[in-house]
Amino acid sequence: MGIFVEDLLHFGNLMDREIPIDISPEDLKPLFGEDKRISVIESGIRVSKEERGFLFKKNKEKIMNIKGPSDGLSIRVEIIRDDFDKRAGVKEDIKLEAIIRSKETFKKIPEKIRDRLFISRVIPLNGTLRVYLKLG
């Protein structure tokens with residue numbers, strides 16, 4: 001009976017704990033395109049690409065502010081500027097599931113609880129996107 005109590009205490013500690021996962025701009029390239037430059041700024045994500053016109057080079061960019069977590073392993077962003085699709089003020093979800101599942105930290109989590117994890121908060125930190133996962 002003592003082992004059972006210890007397991008319950010350990011599981012309770014796991015439910016309260018947040019697991020940080022760092023996502024670099026290089027990890028985000030498959031979502032936005034391999035030919036684009038991606039950087040994580042103070043309030044969100046900047047995607048840019050230099051296109052060559054007839055006479056001049058034109059820099060197109062998309063700036064997104066992070067609004068917080070969305071359902072499951074997605075985050076909600078608000079598009080501030082979009083030279084690619086000409087959309088601004090639109091809120092959309094970015095699915096980070098494939099990126100998070102490829103991380104070494106995520107692979108160390110027991111398989112039984114991987115499907116029950118969700119993003120609790122997102123913080124742009126030192127040029128990376130720090131995502132905190134929580135058991136739900």
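Here is a guided walk through this predicted model, from its sheets to its core and then to one buried charged residue.

Let's begin with the sheet of 5 strands. It is open, its strands follow the order S2-S3-S4-S5-S6, and the pairing is antiparallel. At its edges you will find strand S2 (37-40) and strand S6 (91-95), each of which pairs on one side only. If you compare the directions of neighbouring strands in this sheet, ignoring which way they run, they are turned by 30° against each other on average. Strands of a sheet in general pair through backbone hydrogen bonds, in either a parallel or an antiparallel manner.

For a closer look, follow S2 to its partner, strand S3 (residues 44-52): 4 bridges link the two in the antiparallel sense. Along this pairing, isoleucine 38 stands opposite valine 47 of S3. Now bring in helix H2 (residues 25-32), which packs on the sheet and touches S2, S3, strand S4 (57-69) and S6. The direction of H2 makes about 130° with that of S2.

The next stop is an open sheet of 3 strands, arranged S1-S8-S7 and again with antiparallel pairing. Here the edge positions belong to strand S1 (18-23) and strand S7 (117-125), each pairing on one side only. Neighbouring strands of this sheet are turned by 25° against each other on average, with direction ignored. S1 and strand S8 (residues 128-135) run antiparallel and are joined by 6 bridges. One pair to pick out is proline 20, whose bridge partner in S8 is tyrosine 132.

What about the interior? The largest nonpolar core has 29 residues, and the members that touch the most others are Leu28, Ile45, Leu96, Ile100, Ile119 and Leu133. S8 contributes the most to this core, with 4 residues. Leucine 133 is worth selecting in your viewer: beyond residues up to four places away in sequence, its contacts include Ile19, Ile21, Leu73, Ile100, Phe106, Leu117, Phe118 and Ile119, along with Arg17 and Glu18.

Finally, turn back to strand S4, where glutamate 61 lies. Why does glutamate 61 count as buried? Its relative accessibility is 13%, and buried means under 20%, so glutamate 61 falls within that class. Which side chains does the side chain of glutamate 61 meet in polar contacts? One is the side chain of arginine 46, at 3.4 Å, and another is the side chain of arginine 81, at 2.8 Å. Setting aside neighbours within four places in sequence, the surroundings of glutamate 61 are completed by contacts with Val47, Ser48, Asp82, Asp83 and Phe84, besides Arg46 and Arg81.

Notes: Residues are numbered from 1 along each chain as its sequence is written. This is a predicted model: local features need pLDDT of at least 70, side-chain atom pairs count only at pLDDT 80 or more; totals for chains, interfaces and linings use all residues. Side-chain values use heavy atoms; hydrogens and water are left out. Two strands pair if DSSP finds at least two bridges between them. Axes are lines fitted to C-alpha atoms, for helices over the stretch in contact, and angles run from 0 to 180 degrees between N-to-C directions. Contact means heavy atoms within 4.5 Å. A nonpolar core is a set of buried Ala, Val, Leu, Ile, Met, Phe, Trp, Tyr and Cys residues joined through side-chain atoms within 4.5 Å. Buried means under 20% relative accessible area, exposed over 50%, partly exposed in between (1.4 Å probe, protein chains only). A polar contact is a pair of N or O atoms within 3.5 Å; within protein, one must be able to donate a hydrogen and the other to accept it, and residues adjacent in sequence count only if both atoms are side-chain atoms.
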